[in-house]
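Reader: I should like a close look at one part of this structure, explained step by step for someone in a first year of study. Please define each term as it arises.

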Amino acid sequence: MNRQISGNAKGSIFIHIRDYIIKVYGVEIWGEILNRLSQSDRDIFGGQLNKHGWYSAPVINRLINIYDNMFGDGDFKSIVPIVEYIAQQDLAPVFDIFVNLSPFFVLSSAPSLWKRYFDTGEVRVEVADEANRHFRLVLEEIADENSVSGRAICTYANPTWLRIALIMAGAETVTMSHVECRYKNATSCVLDIWWNNITPKDRK
């Protein structure tokens, strides 16, 4: 008998999404979004969220769907600014303390970084080519919006968060290709990443 998977996401994601929407669109729009959620989902976002706590990941999927219906084109690209905000909020304190983190270190840490945000699925590094500044990351996870992180997470959230992290770590340009997706009949999500570093003379 197969056990039903029920994935969770870190509370900081919930808090940053809420804060971003209120900051950009105001409390009224945030209230409208909450009103379109179920009562149980509203209770999570309306409660005392703990940034270190764990909450049901599908709740984020449902909120993203509503947000994208209101402000996007149905492809989830609308969440890019939200994810940029999340990355900046979470990473700025880290880079203030560890000023010499490199893009290579960031990408090598991808498996543990994923586990900081989601408690299901596993990220592994398939290619780590520092000389050519190329990584291939593979996310092993089921494709079920009602159980784990959804399509928007692998399509835009993961690449956007990593792009911000790489730029903060000294990358000048970042190129990504989401070559396989678990929500498009693949067994896993595969992300190819290339970057160029800022030369020392260009650093501010």
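Author: The account below follows one strand residue to its partners and then to the elements around them.

The structure is a predicted model, in which local features need pLDDT of at least 70, side-chain atom pairs count only at pLDDT 80 or more, and totals for chains, interfaces and linings use all residues. Residues are numbered from 1 along each chain as its sequence is written, and side-chain values use heavy atoms, with hydrogens and water left out.

Let us begin with Val127, which is placed in strand β3, residues 122-129. Helices and strands here are DSSP runs numbered from the N terminus, a helix being H or I with at least four residues and a strand being E with at least two. Is Val127 buried or partly exposed? Val127 has a relative accessible area of 27%, so it is partly exposed. The cut-offs are as follows: buried means under 20% relative accessible area, exposed means over 50%, and partly exposed lies in between, with a 1.4 Å probe and protein chains only.

Which residues does Val127 touch, if neighbours within four places in sequence are left aside? They are His134, Phe135 and Arg136, where contact means heavy atoms within 4.5 Å. A further relation concerns Asp192, which is 65 residues from Val127 along the chain; the C-alpha atoms of these two residues are separated by 8.8 Å. Two of the contacts, Phe135 and Arg136, now deserve attention in turn.

Phe135 has 0% relative accessibility and therefore counts as buried. The whole structure holds 11 aromatic pairs. Rings of Phe, Tyr and Trp (its six-membered ring) pair if their centres lie within 6.5 Å; planes under 30 degrees apart count as stacked, over 60 as edge-to-face and the rest as tilted. Phe135 forms one such pair with Phe104, with 5.4 Å from centre to centre and 75° between the planes, an edge-to-face arrangement. This pair links distant parts of the chain, 31 residues apart: Phe104 belongs to helix α6 (residues 103-108) and Phe135 to strand β4 (residues 134-140). Phe104 has a relative accessible area of 24% and is therefore partly exposed.

Helix α6 also contains Leu107. Leu107 counts as buried because its relative accessibility is 0%. Apart from neighbours within four places in sequence, Leu107 is in contact with Val125, Phe135, Leu137, Leu162, Leu166, Ile193 and Trp195. Phe135 is thus a contact of Leu107 as well as of Val127. For Leu107 and Leu137, which are 30 residues apart along the chain, the C-alpha atoms are separated by 8.4 Å.

We turn next to Arg136. Side chains of opposite charge can pair when their charged atoms come close. A salt bridge is counted when a side-chain nitrogen of Lys or Arg is within 4 Å of a carboxyl oxygen of Asp or Glu, and the total comes to 8 salt bridges. Arg136 forms a salt bridge with Asp192, and the closest N and O atoms of the two are 2.7 Å apart. Here too distant parts of the chain are linked, with Asp192 in strand β6 (residues 189-197), Arg136 in strand β4, and these positions 56 residues apart. How do the two partners stand with respect to the surface? Asp192 is buried because its relative accessible area is 5%, whereas Arg136, at 26% relative accessibility, counts as partly exposed. Both belong to a network of salt bridges that links Arg124, Glu126, Arg136, Glu140 and Asp192.

Finally, some cysteines should be considered. How many disulfides does a search of the whole structure find? The number is 0, a disulfide being a pair of cysteine sulfur atoms within 2.5 Å. Cys181 is in no disulfide, its nearest cysteine sulfur being that of Cys154, 3.7 Å away. Cys189 is likewise in no disulfide, and the nearest cysteine sulfur is again that of Cys154, at 3.7 Å. Cys181 counts as buried because its relative accessibility is 6%, and Cys189 counts as buried at 6% as well.

To draw the thread together, Val127 in strand β3 touches Phe135 and Arg136; Phe135 pairs with Phe104, while Arg136 bridges to Asp192.
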